[in-house]
Amino acid sequence: MILAENMSILRQLPDACIDLVYIDPPFGTGQVRRLQAIRTGVGTKTRSGFGGRTYTFDVISAHEYRDDMDLDEYLEFLGERLVEIHRVLRPTGSLYLHLDFHTVHYARLMLDEIFGADHFLNEIIWAYDYGGRPQDRWPRKHDNMLWYAKSDRWVFNVDGIDRIPYMAPGLVGPEKAARGKLPTDVWWMTIVPTNSRERTGYPTQKPVGLVERIIRASSNPGDLVADFFCGSGTVGVAAKRLNRRFLLVDNNSEAIRITNERLENEPC
Ligand SMILES: C[S@@+](CC[C@H](N)C(=O)[O-])C[C@H]1O[C@@H](n2cnc3c(N)ncnc32)[C@H](O)[C@@H]1O
């Protein structure tokens, strides 16, 4: 776990030392993201959560990180980190880059150049159903994850992946229905609910189930998994649960504090 500007860490790493990278960088939204850590069940402030229920909370710290670079600056920022990530991946390693509609199309072209278009494996759609529904367009309810391999040999543990229910279990027979089916490249998963135990108060926190699926599929026990934009440390939690080693970097002290606390509470 390192509190640092990630480029300075990436530049110090030797070639081909990491098995799997998942990153969820700023999305190029043009906004300043406010990071407010809250603790629920205490304090005098109230919020409404799922089903209109209200709960009390206290702000334990507030930070912001800037996601307001102009497009050229953002693409340069992302591109130079992707080049380094490609360098530090082992020959059998792979990268999952988590973005959304703002910049995923640019990132795809950059990754084709850096990794080679033939090393593109999947664009995974993470579909969720949360928040408001504008009345003038289809509600935007998905993120995009681009998966690229370093070489022609990559890890995909098809038998280790969690299985999901069939849509029409009656059509496949009881045995298959009980086993479930492999997820496709569209993953329906809820965001981290505001009142769940998993919730840290870090606004951009991703569900640990999402990252666990990636780590199970694309690494082996004992492998080194890295997240150079670790935020609340979701990759560390998933890696620890799945017996992988991890390297986590963030330049926000609040992110590292939360990550540390989460990992300490995670049984070995
Ligand atoms: C979208 S959040 C990641 C959230 C994380 N996936 C989670 O589940 O909590 C992006 C993170 O990148 C960090 N960050 C942005 N630029 C950075 C940089 N140049 N070096 C290190 N961390 C950076 C921010 O502080 C923020 O915590």
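Tutor: Before we start, helices in this discussion are DSSP runs of H or I with at least four residues, strands are runs of E with at least two, and both are numbered from the N terminus. Please also keep in mind that this is a predicted model.

Student: Okay, so which helix does glutamate 84 lie in?

Tutor: Glutamate 84 is part of helix H2, and, leaving out residues up to four places away in sequence, glutamate 84 touches Leu10 and Arg11.

Student: And how far apart in space are glutamate 84 and isoleucine 9?

Tutor: Their C-alpha atoms are 10.0 Å apart in space, although glutamate 84 and isoleucine 9 are 75 residues apart in sequence.

Student: Why does glutamate 84 count as partly exposed?

Tutor: Glutamate 84 counts as partly exposed because it has 18 C-beta neighbours inside 10 Å, and the partly exposed class lies between 12 or fewer, which is exposed, and 20 or more, which is buried.

Student: Staying with H2, at what angle do the axes of H2 and H3 cross?

Tutor: The axes of H2, which covers residues 71-88, and H3, which covers residues 104-115, cross at roughly 35 degrees and come within 10 Å. The crossing of these two helices is right-handed.

Student: Which residues meet there?

Tutor: On the H2 side they are Leu75, Leu78, Gly79, Leu82, Val83 and His86, and on the H3 side they are Tyr106, Ala107, Met110, Leu111, Ile114 and Phe115. Sorted by class, this contact between H2 and H3 has 10 nonpolar residues, two polar ones and no charged ones.

Student: What about glutamate 113, is it buried or exposed?

Tutor: Glutamate 113, which is found in helix H3, is exposed, because 12 other C-beta atoms lie within 10 Å of its own. Measuring from C-alpha to C-alpha in the model, glutamate 113 and valine 83 are 9.7 Å apart in space and 30 residues apart in sequence.

Student: New topic: how many residues are in the largest nonpolar core?

Tutor: The largest nonpolar core has 49 residues, and those with the most contacts inside it are Val21, Tyr22, Leu97, Val211 and Val235. Helix H5, residues 208-218, provides the largest share of this core, namely six residues.

Student: What is valine 211 in contact with?

Tutor: If we set aside its neighbours within four places in sequence, valine 211 is in contact with Tyr22, Lys206, Thr234, Val235 and Ala238.

Student: Let's go to H6; how many of its residues are buried?

Tutor: Six of the eight residues of H6 are buried, so the helix is mostly covered by the 20-neighbour cut-off for burial. The buried ones are Thr234, Val235, Gly236, Val237, Ala238 and Ala239.

Student: And what covers the buried residues of H6?

Tutor: The covering elements include E2, H5, strand E9 at 224-227, E10 and helix H7 at 253-264.

Student: Which residue with a positive phi follows H6?

Tutor: That is asparagine 243, with a phi near 65 degrees. Asparagine 243 is not a glycine, yet its phi is positive, and it sits in the loop between helix H6 (234-241) and strand E10 (245-250). Asparagine 243 counts as exposed because it has 12 C-beta neighbours inside 10 Å.

Student: What is phi for alanine 16?

Tutor: Phi of alanine 16 is near 50 degrees, which is a positive value in a residue other than glycine. Alanine 16 is in the loop between H1 and strand E2 (18-23), and it counts as partly exposed because it has 14 C-beta neighbours inside 10 Å.

Student: Switching to the ligand, which of the residues around it come nearest?

Tutor: There are 19 residues around the ligand, and Phe229, Gly231, Ser232, Thr234 and Asn252 come nearest. The shell around the ligand divides into seven nonpolar residues, eight polar ones and four charged ones.

Student: Last one: where is the place of alanine 149?

Tutor: Alanine 149 is in strand E7, residues 142-149, and it counts as buried because it has 22 C-beta neighbours inside 10 Å. Not counting residues up to four places away in sequence, alanine 149 touches Ser94, His119, Leu121 and Trp154.

How values were computed:
Residues are numbered from 1 along each chain as its sequence is written. This is a predicted model: local features need pLDDT of at least 70, side-chain atom pairs count only at pLDDT 80 or more; totals for chains, interfaces and linings use all residues. A residue is near a molecule or strand if its C-beta atom, placed from the backbone, lies within 6 Å of it. Ala, Val, Leu, Ile, Met, Phe, Trp, Tyr, Cys and Pro count as nonpolar, Asp, Glu, Lys and Arg as charged, and the others, Gly among them, as polar. Axes are lines fitted to C-alpha atoms, for helices over the stretch in contact, and angles run from 0 to 180 degrees between N-to-C directions. A crossing is left-handed if the near helix is turned anticlockwise from the far one by less than a right angle, and right-handed if clockwise. Two residues are in contact if their C-beta atoms, placed from the backbone, lie within 7 Å. A nonpolar core is a set of buried Ala, Val, Leu, Ile, Met, Phe, Trp, Tyr and Cys residues joined through C-beta atoms within 7 Å.
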